[in-house]
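Hello,

Here is the structure I promised to pass on to you. My notes on the ligand sites follow below it.

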Amino acid sequence: MRQALQQEEFVLHYQPIVDIHSGRLLAAEALVRWQHPERGLLGPDQFIGLAERSGLIVELGDWVLNTACQQLVAWQTAGLADLCVSVNLSPVQFRRGDLDQQVQAALTRSGLAPAALELELTESLLLQDSEKFISLLMRVKALGVSLAIDDFGTGYSNLAYLQRFQVDKLKIDKSFVCKLQGDQQAQAIVMAIIQMAKSLHLRTTAEGIEDDATRQLLAGMGCDQAQGYWFARPLPAADFADYAQRLLASVQSSTSEPLYNAPNTASP
Ligand code: C2E
Ligand code: MG
Ligand code: MG
């Protein structure tokens, strides 16, 4: 895997995050893939665990951060001025203790404004409460980046930490979103997450939206942002740029329905 990193076999795909009501494009989530010479395009579930166990995730994560920031600046320069980027972080990247320097270096190298970078953390990370971890997360936040909690609702969240670390956003896990219609319990959980987020002044993104009925249901519940195959799958960078340009044109030219559900390019 170390060799794969040197030989540039990793690529980033980007999945749109849109305003759930207007369809306006807000951000791209960077999702890593491994273009394996023999096994083809591998999804993160097939190699992130190994990268975490071997420690290579620190180097891979740094590559993801730098690549995503540079790509964003290229898109902003090409006309997508307000676009933001989300990058997933592994808990292992926090262990070395210099994540704030890695993030700052990626911002400086790319020239990306800190406000355009969002870091996605897992709930389990927030259960750690060592002084070392707390001060590191405070330093990361102080760079001016946003923090989102990924897969929210699946782990045990230490809710006090949401405020302590000035988390900005909760990403409602797709396991609730995909069975929302007709499932009273899933609806109750999602409703509770959205209401709690509102009272803490946090934004919410629903991930895993696969149809318009679910989008409408979530919009009615007061969710802010949407992500899922209904809008687009994670796309190679060039396809994301095409998607973004077409979305921009359709939102500008029409006051009615935005361009939902653009043709999808295969991505694991
Ligand atoms: P995640 O951050 O929660 O990313 C969302 C996952 O949901 C992505 O899977 C995406 O393809 C998938 N997804 C999006 N919309 C839909 C939908 O409508 N239906 C369904 N069924 N799935 C949808 P992917 O790309 O396989 O990534 C899996 C996980 O791998 C990510 O979950 C994230 O935790 C991790 N990951 C991806 N890239 C990185 C990275 O650069 N660093 C780290 N540490 N983890 C990463
Ligand atoms: Mg994520
Ligand atoms: Mg997620």
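Along the chain, the donors of the magnesium ion (ligand 3) follow the spacing D-D-x55-E, where donors are N, O and S atoms within 2.8 Å of the metal (3.2 Å for Na, K and Ca); water is not among the atoms, so sites may look incomplete. This is a predicted model, in which local features need pLDDT of at least 70 and side-chain atom pairs count only at pLDDT 80 or more, while totals for chains, interfaces and linings use all residues. Residues are numbered from 1 along each chain as its sequence is written, chains are lettered from A and ligands numbered from 1 in the order in which they are written, and side-chain values use heavy atoms, with hydrogens and water left out.

Asp150 (OD), Asp151 (OD) and Glu207, listed twice through OE, coordinate the magnesium ion (ligand 3) at 2.0 to 2.5 Å. This links distant parts of the chain: Asp150 is in strand 6 and Glu207 in the loop between strand 8 (203-206) and helix 10 (212-221), 57 residues apart. Helices (H or I, at least four residues) and strands (E, at least two) are DSSP runs, numbered from the N terminus.

The magnesium ion (ligand 2) is held at 2.0 to 2.2 Å by Glu29 (OE), Asn88 (OD1), Glu120 (OE) and Asp150 (OD). Its donor residues are spaced E-x58-N-x31-E-x29-D in sequence. Glu120 lies in strand 5 (residues 117-122) and Asp150 in strand 6, so this pair ties together parts that are 30 residues apart in sequence. Asp150 coordinates both magnesium ions, ligand 2 and ligand 3, which are 4.2 Å apart.

Now to ligand 1. Of the 23 residues around it (a heavy atom within 4 Å), Arg33, Asn88, Asp150, Glu210 and Tyr229 come nearest. By class, this shell has nine nonpolar, five polar and nine charged residues. Strand 2 gives the most to the shell, with four residues.

Glu29 turns up again here: an N or O atom in its side chain is 3.0 Å from an oxygen atom of ligand 1, a polar contact (a pair of N or O atoms within 3.5 Å). A nitrogen atom of ligand 1 is 3.2 Å from a polar backbone atom of Val32, and a nitrogen atom of the ligand is 3.5 Å from a polar backbone atom of Ser90. Taken alone, ligand 1 exposes 800 Å², and the protein buries 86% of that (Shrake-Rupley method, 1.4 Å probe).

Best wishes

Key: A polar contact is a pair of N or O atoms within 3.5 Å; within protein, one must be able to donate a hydrogen and the other to accept it, and residues adjacent in sequence count only if both atoms are side-chain atoms. Ala, Val, Leu, Ile, Met, Phe, Trp, Tyr, Cys and Pro count as nonpolar, Asp, Glu, Lys and Arg as charged, and the others, Gly among them, as polar.
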